[in-house]
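This note sets out several points on the structure shown below. Please read each point with the structure in view.

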Amino acid sequence: MQAVRAKKSLGQHFLKDLGVAQRIADTIQSGRVLEIGPGMGVLTQFLLRNNAIDLTAIELDRDSVAYLREWYPELKLIEGDFLKLDLDRLFPEGDFSVIGNYPYNISSQIFFRVLDYRDRIPVCSGMIQKEVAERIASKPGKKAYGILSVLLQAYYDIEYLFTVDEYVFAPPPKVKSAVIRLTRNKRRQLDCDENLFRTIVKTAFNQRRKQMRNSLRTFVENRNTKVENERLTHFLTQRPEQLSVDEFVELTNLLQP
């Protein structure tokens, strides 16, 4: 079977550097692993060689599915969309890790889905656009720090592992890539209403260059108590990129209706 032609509509850029593929595969050492978007199996082949890994892959592209079934018949392969996959049915119980060369156009959606299963996904690693990787790993006070930074760092320790140049892909993307690894931290739950926390973080960053007194005005007005709070006043005069995860937790409690 001939090589699969990359489809722009699916954001496909096939990795061709086996050294990079091996390094990505090495980011997860054991356990049940779900690979997202294996394409022509450049990463898959290394994962399959690791006897400590129980691998399942999900691929949306029919041409890639046919290629994988011919070249890797031993692979447990699902044809479908990860964003629509019933993960509870696929893995009824226990932990599973996630890995992949993620399509740039849906990488943020993939990480939000991982967040939904954070208590069952101990490790998530893979390759994404360099800019997005920097955003996820960014610390408070940095320009790249944003919604993904706060929400992911609330539950995961983030490692920016290495940068990948454009020429190792076919076709080469117009941007550099990076490999990151998310490892579940010890925080089982936040010390606040987690749904409200997520809403406040997203709302605050919608106007990231303004003080939060502007973006969070509605939350301030809906508070149970109207008593002035010095700590709340301090937060509201900050821009969202200045607050750590713990400070967003504190702010959420101060804005609890």
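1. The chain contains twelve helices and nine strands. Please bear in mind that the model is predicted.

2. As to overall dimensions, the C-alpha trace spans about 70 × 40 × 25 Å along its principal axes. Of the 257 residues in the chain, 47% are buried.

3. The contacts may be considered next. If one takes the contacts between residues at least 6 apart in sequence, 67% of them join residues at least 24 apart.

4. The surface and the charges also deserve comment. The chain exposes about 13000 Å², and carbon and sulfur atoms supply 47% of this area. The chain carries 38 positive and 33 negative charges, and the mean positions of these two sets are 5 Å apart.

5. One residue merits a closer reading. Where is Asn 185 found? Asn 185 belongs to the loop between strand E9, which covers residues 177-184, and helix H8, which covers residues 194-205.

6. Is Asn 185 buried or exposed? Asn 185 counts as buried because its relative accessibility is 10%, and the limit for a buried residue is under 20%.

7. The surroundings of Asn 185 can be described in two parts. Within the loop region, a polar atom of the Asn 185 side chain lies 3.0 Å from the backbone nitrogen of Arg 187. When neighbours within four places in sequence are left aside, Asn 185 is in contact with Gln 153, Ala 154, Tyr 155, Tyr 156 and Asp 157.

Technical notes:
Residues numbered from 1 in each chain as written. Predicted model: local features only at pLDDT ≥ 70, side-chain atom pairs only at ≥ 80, totals over all residues. Heavy atoms only, no water. Helix = DSSP H or I, 4+ residues; strand = E, 2+ residues; numbered from the N terminus. Buried < 20%, exposed > 50% of the residue type's maximum accessible area, 1.4 Å probe, protein only. Polar contact = N/O pair within 3.5 Å; in protein donor to acceptor, adjacent residues only side chain to side chain. Contact = heavy atoms within 4.5 Å. Areas by Shrake-Rupley, 256 points an atom, 1.4 Å probe, with all protein chains shown as cover. Lys, Arg positive; Asp, Glu negative; His and termini not counted. Charge placed at Lys NZ, Arg CZ, Asp CG, Glu CD.
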